[in-house]
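Student: Hey, I'm new to this structure. Can you walk me through how its parts touch each other?

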Amino acid sequence: MLQFLIRRLSGAVVIMFLIGAFTFFLFYTIPQDFAQLACGKNCSPENIAVIRENLGLDKPITTQFWEFMVGIVSGRDFPQGHCSAPCLGVSFDSGEFVWDSIMDRFPLTLSLTVGGLVIFLLFGLGTGLLAAWKRGTAVDKVVSGASMVLSSFQIYFLGPIVLSLLVYQTGWLENPKEASITDDPAGWFMGLLIPWIVMATIFTAQYTRMARSTMIEQLQEEHVRTARAKGMRQRYVFFRYAWRGSLIPIVTIIGMDLSALLSGAVVTEYTFDLAGIGRLAVTGSLTKDLPLTMGVMLFGAFFILILNIIVDLAYAYIDPRVRLA
Amino acid sequence: MTTLTKTEGEKAPGGPEAFLSVRDLRVRFSTEDGIVKAVDGLSFDVERGKTLGIVGESGSGKSVTNLTVLGLHNPKTATVEGEIVLDGKELVTATEKEMEKLRGNKVAMIFQDPLTALSPYYTVGRQIAEPFMKHTGASKKEARARAIEMLDKVGIPQPATRFDDYPHQFSGGMRQRAMIAMALICDPDLLIADEPTTALDVTVQAQILDLLKDLQQEFGSAIIFITHDLGVISKMADDLLVMYSGRAVERGSVREVLRAPQHPYTWGLLSSMPRLGGDTAQALTPIPGTPPSLLNPPSGCPFHPRCGFTSEVSGNRCSGERPLLPAGRGAACHLDHEQKSTFFIEQIKPRLG
Amino acid sequence: MSDKLTLPKPQGPVDGAGETLLSVEGLTKHFPIYGGFPIKRKVGAVQAVDGVDLTVGTGESVGLVGESGCGKSTTGRLITRLLEPTAGKITYAGQDITHASRRQLAPVRSEIQMIFQDPYSSLNPRQTVGTIIKSPMEVNGIKPAGGVETRVRELLELVGLNPEHYNRFPHEFSGGQRQRIGVARALALNPKLIVADEPVSALDVSIQAQVVNLLQKVQEEMGIAFLFIAHDLAIVRHFSQRLAVMYLGKVVEVGDRDSIYNRPRHPYTHALLSAVPEVALDDETEDRERIRLSGDVPSPIHPPSGCRFRTRCWKAQDKCATEEPPLVQISGSRAGHLTACHFPEDPTTESRAEDIVLDPALAALEKEAE
């Protein structure tokens, strides 16, 4: 177990480093002077020189990369002040510390993700199990049909429809907005309700379909038949034997979706005009803001790698045949 | 204890002692290609403490029959007609709740492949103890003690430690022993063993077969033993039912059926398998053709397209008229009694070496 | 670990068979197991085949029997060079092919063919039967007189299929017919040796005999040598003139049919034969010894020292743990009948005064019953 964690975490560090290097050097293939960009339009050569020095752009690319990576571990000093670890550099565009920008946006992304996740796991797995239990009946057909239709929807399509219905036409809810969960819990909840509902609707449909099909597959396993042959109640067999086997594919998908959402739900954020990590990422690449892009990339990669390890740990917990080595 | 007084339907052997009696069982599955007649008018009896062997090839309906006895068929795709009477109780019409009380308790089942038939997610001990807790209301502790006792009985070394192992930590033979322990834990009156040794090596098979026989002596259970292997059946069964295309084509005691078989299909099975004591210069005599489709079974006798004796029967009876399986010892074949005996002695027996 | 068996004399094929076609010496295949921390390295090996000696004469049929994990299938794959041997030597028609390269192997490849167990997965479902059978000819650049298609039709007819079915796909055939297609494919290159790995065990009883008869016809009429790998002792007996019995990667006994089945010396061969359930056609056949081993075959990752069968053997003594028995002719055996055992059994399979029951559960139950 410990060996597994050490191996996987060190592997994750190496991958993060490689992702960083790849992003960094790829960025420099863009035929652009970053100092010019940072300086704006009417910029004197002196200003450019100052900016270049401030941003460290006068040094060789490899040195710049190295300083960036060292900064993540031990912090860095900038003219604006000390940037403590994990330091992801200073944004070319805004001049703020990238880490601070990310932390500023992260609460929204986290709220959006966790709230959505709770809803779509609850409903998605619930209806999926129901459909599998009632396989072949009208309930199953309705659930399967609805989830088929809904899962082919897109957030940018469903979002405006829901907004128009619940906000503009009926006035039941307000436009989505961000509020602090600690200062204004009710505002936080109401503000994010519509994005959650829309996001969760589409994910629910996908999870329903997946839960249904893996459960049906598991119910045909021979060991499930053995359990029934022992006289175990149908519900017990369903939840103990078949459900346990369905967990592996479900956990895999949850891990993937979670890491994707945590590294920024671009479409959701734009649809509801919210400012999360996704918007930061888009801004970073549109303004060719190298530190910001690097920061968001590495931040997302971190979640992907960590969730990967967590999913593997979950496998070992679910299936005794899986050994962590 | 119970006397069976079923008179309607096709008559079958077995006297008042019949513990399980199946009458005119028909199981159909609706598939995309049409209706599959998996079991088509099957009747048999099992006596208390005795072993009925059911032999047949894939698609003969032998496994479906036994899943149906336990009500483990899929009620949405399968339709079941006929009667299954266990100890005086009709099972075809029984509710799911009644069947649950029966399964693993009065009737237990052992499956072919113990690797897939045991859940990989729970310990062997838990899976063995489960039906005991369910059916006797025993506590976890009592069930554990009983499961360890059963593991010991079926020959698992260090049963108390192995109780907490998972199936993948057991060898193939040990897994099948664990299955047997699980099946016998509630002391069932009837044990259905569906190809229980097919997935095992021959030396392990020999151990398991003997173990089953010895345990039967101790527990007094009746056994339905399903297999495609005539050698295995000759070691295990008292009575024998040969199935072909969802029907019983021959029945009798094992001794009668294997030493003086009456159905051309049984003849074919015997002469197509080599024996350790056989004459190697004697070529095997295969059954020509392939097993019939259950979607469109042949008319009349289902075996007639592969049978070498249809010309001995006058008219087109073989393809036109379904032969009936007489009560007691007999075969579902249009050949008359004398023909069956002479053909076997003159044409088949010499080939068996 | 165990060294190669020191085999003084090459075992010649039985009288009547031609000269040696294939000979295998000290054939070994270890599959490495990786693990460890922080860097993965080889931590052990599955000793699937460990020092096997075997010969097949021209036109001879040799059976290879044993239970799962004994290495019989791996041996077959090594001989057809589908696997690369770890050690040992494979000689085919006087030529060392142990590590022959693809090009060196080309002329031999066509002469050694393989038939597989599963007639469902061993045929490409997207190719027609004709393509399946003719592709070995095309790969090897063989142009039969009269054209490839004519030859394919001939082969189909030879294996008992309708030549008109040239353009059908495998799924249109039953299991037995598919195995016939497999045989036709193997015959396409006029092989001299066919390695048949469990060719009938996936088939229904009534179909098995059809395929066995076909293989027998091929062997006898075309003079093709067979290495027939199977776990069914009765079928191997029917098909093979000579047999090798394997246990945990080693050949424990080899000899002609009569020696192995009627005069076995190795305790494992006795146990194996005794375990075969035989249909009793009359009362005589019941007079066989009864031996019930305990437990399953040990893991080939950590095989027992010395004689590998000793952990399940009723005759094992200290010597068996320390000294590996050589595969030799022991006194009382006929020429060509070799046994690897320190304490061999009497050459008979008749029932003993007392059954040998090593399984503790069985022994306990039977004692109780008495």
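Tutor: Sure, we'll go through some contacts between chains and between domains; keep in mind that this is a predicted model.

Student: Okay, start with chain C and chain B. How many residues does each chain bring to the contact?

Tutor: Chain C brings 46 residues and chain B brings 53 residues.

Student: And how much area do chain C and chain B bury between them?

Tutor: About 4200 Å², with 56% of it on carbon and sulfur atoms. On the chain C side, C:Val205, C:Val279 and C:Leu281 lose the most area to chain B, together 16% of what that side buries.

Student: What about charges? How many salt bridges are there between chain C and chain B?

Tutor: The count is 4 salt bridges. There is one between the side chains of C:Glu278 and B:Arg275, at 3.8 Å from N to O.

Student: And how many residue pairs are in polar contact there?

Tutor: Between chain C and chain B there are 25 such pairs, counting those with both residues at pLDDT 80 or more.

Student: Which elements of chain C give two or more residues to that side?

Tutor: For the side touching chain B, those are α6 (205-222), α7 (233-239), α8 (257-262), α9 (267-275) and α11 (360-369) of chain C. The most comes from α6(C), with 7 residues.

Student: How do the residues on that side divide into nonpolar, polar and charged?

Tutor: The side of chain C that touches chain B has 21 nonpolar, 9 polar and 16 charged residues.

Student: Let's stay in chain C but look inside it. What are its domains?

Tutor: The domain assignment gives domain 1 (20-111 + 191-278 + 285-369) and domain 2 (129-188). Their C-alpha centres lie 31 Å apart. The contact takes 15 residues from domain 1 of chain C and 10 residues from domain 2 of chain C.

Student: How much area is buried between those two domains of chain C?

Tutor: About 1000 Å², and carbon and sulfur atoms give 72% of that. In domain 1 of chain C, the residues losing the most area to domain 2 of chain C are C:Pro191, C:Leu214 and C:Met222, together 34% of what that side buries.

Student: What are the counts for salt bridges and polar contacts there?

Tutor: Between domain 1 and domain 2 of chain C there are 0 salt bridges, and 3 residue pairs are in polar contact, with both residues at pLDDT 80 or more. Here too we meet α6(C), which gives the most to the side of domain 1 of chain C that touches domain 2 of chain C, with 8 residues. By class, that side has 12 nonpolar, 2 polar and 1 charged residues.

Student: Now chain A. Where are its domains?

Tutor: Domain 1 of chain A is 32-87 and domain 2 of chain A is 105-318, according to the domain assignment. Taken over C-alpha atoms, 39 Å separate their centres.

Student: How many residues of each are in contact?

Tutor: 6 residues of domain 1 of chain A are in contact with 5 residues of domain 2 of chain A. The buried area between them is about 450 Å², with 86% from carbon and sulfur atoms.

Student: Which three residues of domain 1 supply more of that than any other three?

Tutor: A:Phe34, A:Leu37 and A:Phe68, which supply 67% of the area that domain 1 of chain A buries against domain 2 of chain A.

Student: And how many salt bridges cross that interface?

Tutor: The rule finds 0 salt bridges between domain 1 and domain 2 of chain A.

Note on methods:
Residues are numbered from 1 along each chain as its sequence is written. Chains are lettered from A and ligands numbered from 1 in the order in which they are written. This is a predicted model: local features need pLDDT of at least 70, side-chain atom pairs count only at pLDDT 80 or more; totals for chains, interfaces and linings use all residues. Side-chain values use heavy atoms; hydrogens and water are left out. Contact means heavy atoms within 4.5 Å. Buried area is the accessible area (1.4 Å probe) that two parts lose on being put together, summed over both. A polar contact is a pair of N or O atoms within 3.5 Å; within protein, one must be able to donate a hydrogen and the other to accept it, and residues adjacent in sequence count only if both atoms are side-chain atoms. Helices (H or I, at least four residues) and strands (E, at least two) are DSSP runs, numbered from the N terminus. Ala, Val, Leu, Ile, Met, Phe, Trp, Tyr, Cys and Pro count as nonpolar, Asp, Glu, Lys and Arg as charged, and the others, Gly among them, as polar. Domain bounds come from an automatic or database domain assignment.
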